[in-house]
Amino acid sequence: MSNIPAMILAGGRSSRMGGGDKGLRLLGGRPMLAHVAARLRGQCGALALNANGDPARFAGLGLPVLPDPVDDQPGPLAGVLAAMDWAAGLGAGRVLTAAGDTPFLPGDLAARLIAAGAPALAASRAGSEVRVHPVCALWPVDLRAALRDAIAAGQRRVQGWAMDHGAQVVIWDVPPGGFDSFFNVNRVEDLSVAEGRITGSDS
C-alpha cells in the first residue's frame, strides 16, 4: 500500500445513464462508488470524491467531497485539477485518480502507475486492441497550474493533455475470455453486466 492520495472522479452528468448520480446506483446491494472506494483503500492513502452539487447525497460513503475548481463542468480534466489541488493541500507530490464508474479496478493499480512515474495512464489490452483509460491515472501535482491554464484555454481531452506532458501508458492484459478490470458502467445495460460480475451469474 502506498501513501499517495487518491480521488474518485464522479463529477460528470451521466447522460448515457439517463442523468443523476450513476455512482449511487446500487451494485451488489451497495452504491457503485463504494466498490470503487473499496478497491482504492487498500492501495492508497487519503481518499476523496470529486462531485458537483449538494455533497450531502454522498454522506453514506464517508469521504470528503470536493467540487470542480472551475465553472461550467468542463469535463474530467476539471476533476483531475480538483485532485491536484486537494493533494497539494495535503503536501503530496502526486495524486491518483480513478473513474467513479469502474467498480473492478485492479489491486495493483497504484503500484504499477507509481512504478511508471507520473504522469501515467492506465490501459487494458484484449488481444491486439489497447484501450487507454485516461481518468485512471497518476498525476504530478506540480502540473496543476499548467492544467488550470489548459482548461481555461478550452482543453477537454484528458489523454491528449496527459500525452502532451510526457505521460506513460501502463497496460493491463485481459486474459482470453476474461473480464477487463477497467470495465466502466456507462449505460443501464452495463450495470446489468457489472451486477452479473458481482453475483457470479456471468460465468
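This is a guided tour of a predicted model, moving from the sheet to a helix, then to aromatic rings, cysteines and some unusual backbone geometry.

**The sheet**

Begin by selecting the strands, where 7 of them form an open sheet in the order β5-β4-β1-β6-β8-β7-β9, with mixed pairing. The edges are β5 and β9, each of which pairs on one side only. Strands of a sheet pair through backbone hydrogen bonds, in either a parallel or an antiparallel sense. For one example inside this sheet, select β6 and β8, which pair in the antiparallel sense over 4 bridges, and then display Arg94, which stands opposite Pro140 in β8.

**From β6 into the following loop**

Next select Asp101, which is found in the loop between β6 (94-99) and α3. Is Asp101 buried or exposed? Its relative accessibility is 10%, so Asp101 counts as buried, the limit being 20%. If residues up to four places away in sequence are set aside, Asp101 touches Lys22, Met32, Phe183, Asn184, Val185 and Asn186, and showing these side chains together gives a view of what surrounds this aspartate.

**Helix α6**

Move on to α6, a helix of 12 residues that reaches 17 Å from its first C-alpha to its last, close to the 16 Å expected at 1.5 Å a residue. Colour Asp190, Leu191, Ala194 and Gly196, which are the buried residues of this helix; what covers them includes β2 (26-27). Just after the helix, select Gly200, where phi is positive at about 85 degrees.

**Aromatic rings**

Now display the aromatic side chains, among which a search of the whole structure finds 4 pairs. Trp139 and Trp161 form one of these, a tilted pair with 6.0 Å from centre to centre and 40 degrees between the planes. Because Trp139 lies in strand β8 (residues 129-140) and Trp161 in helix α5 (residues 158-164), this pair ties together parts that are 22 residues apart in sequence. Both tryptophans, Trp139 and Trp161, are buried.

A second stop is the pair of Trp172 and Phe182, whose ring centres are 5.3 Å apart and whose planes stand at 70 degrees, so that the pair is edge-to-face. This pair links distant parts of the chain, with Trp172 in strand β9 (residues 168-173) and Phe182 in the loop between β9 and α6 (188-199), 10 residues apart. Trp172 counts as buried at 9% relative accessibility, and Phe182 is likewise buried, with a relative accessible area of 1%.

Keep Trp172 selected and add Arg112: the charged end of Arg112 sits over the ring of Trp172, 4.4 Å from its centre. Then select Phe104, Phe179 and Phe183, which form one aromatic cluster; Phe183 has already appeared on this tour as one of the residues that Asp101 touches.

**The cysteines**

How many disulfides does the structure hold? There are 0, and selecting Cys44 together with Cys136 allows the sulfur atoms to be inspected. Cys44 is in no disulfide, and the nearest cysteine sulfur to it, that of Cys136, is 11 Å away. A disulfide would need the two sulfur atoms within 2.5 Å, so at 11 Å Cys44 and Cys136 do not qualify. Cys44 is buried, with a relative accessible area of 2%, and Cys136 also counts as buried at 2% relative accessibility.

**Backbone geometry in loops**

For the last stops, switch the display to the backbone. Select Ala118 and Pro119, which are joined by a cis peptide bond with omega at about 0 degrees; Pro119 lies in the loop between α3 (109-116) and β7 (120-126).

Then go to the loop between β5 (65-66) and α2 (76-89), where Asp72 is located. Although Asp72 is not a glycine, its phi is positive, at about 75 degrees. Gln73 is in the loop between β5 and α2 as well, and it too has a positive phi without being a glycine, here of about 40 degrees. Which of the exposure classes applies to each of these residues? Asp72 is exposed, with a relative accessible area of 71%, whereas Gln73 counts as partly exposed at 29% relative accessibility.

Notes. Residues are numbered from 1 along each chain as its sequence is written. This is a predicted model: local features need pLDDT of at least 70, side-chain atom pairs count only at pLDDT 80 or more; totals for chains, interfaces and linings use all residues. Side-chain values use heavy atoms; hydrogens and water are left out. Helices (H or I, at least four residues) and strands (E, at least two) are DSSP runs, numbered from the N terminus. Buried means under 20% relative accessible area, exposed over 50%, partly exposed in between (1.4 Å probe, protein chains only). Rings of Phe, Tyr and Trp (its six-membered ring) pair if their centres lie within 6.5 Å; planes under 30 degrees apart count as stacked, over 60 as edge-to-face and the rest as tilted. A charge sits over a ring if NZ of Lys or CZ of Arg is within 6 Å of the ring centre and within 35 degrees of the ring normal. Contact means heavy atoms within 4.5 Å. The expected span of a helix is 1.5 Å times one less than its number of residues. Two strands pair if DSSP finds at least two bridges between them.
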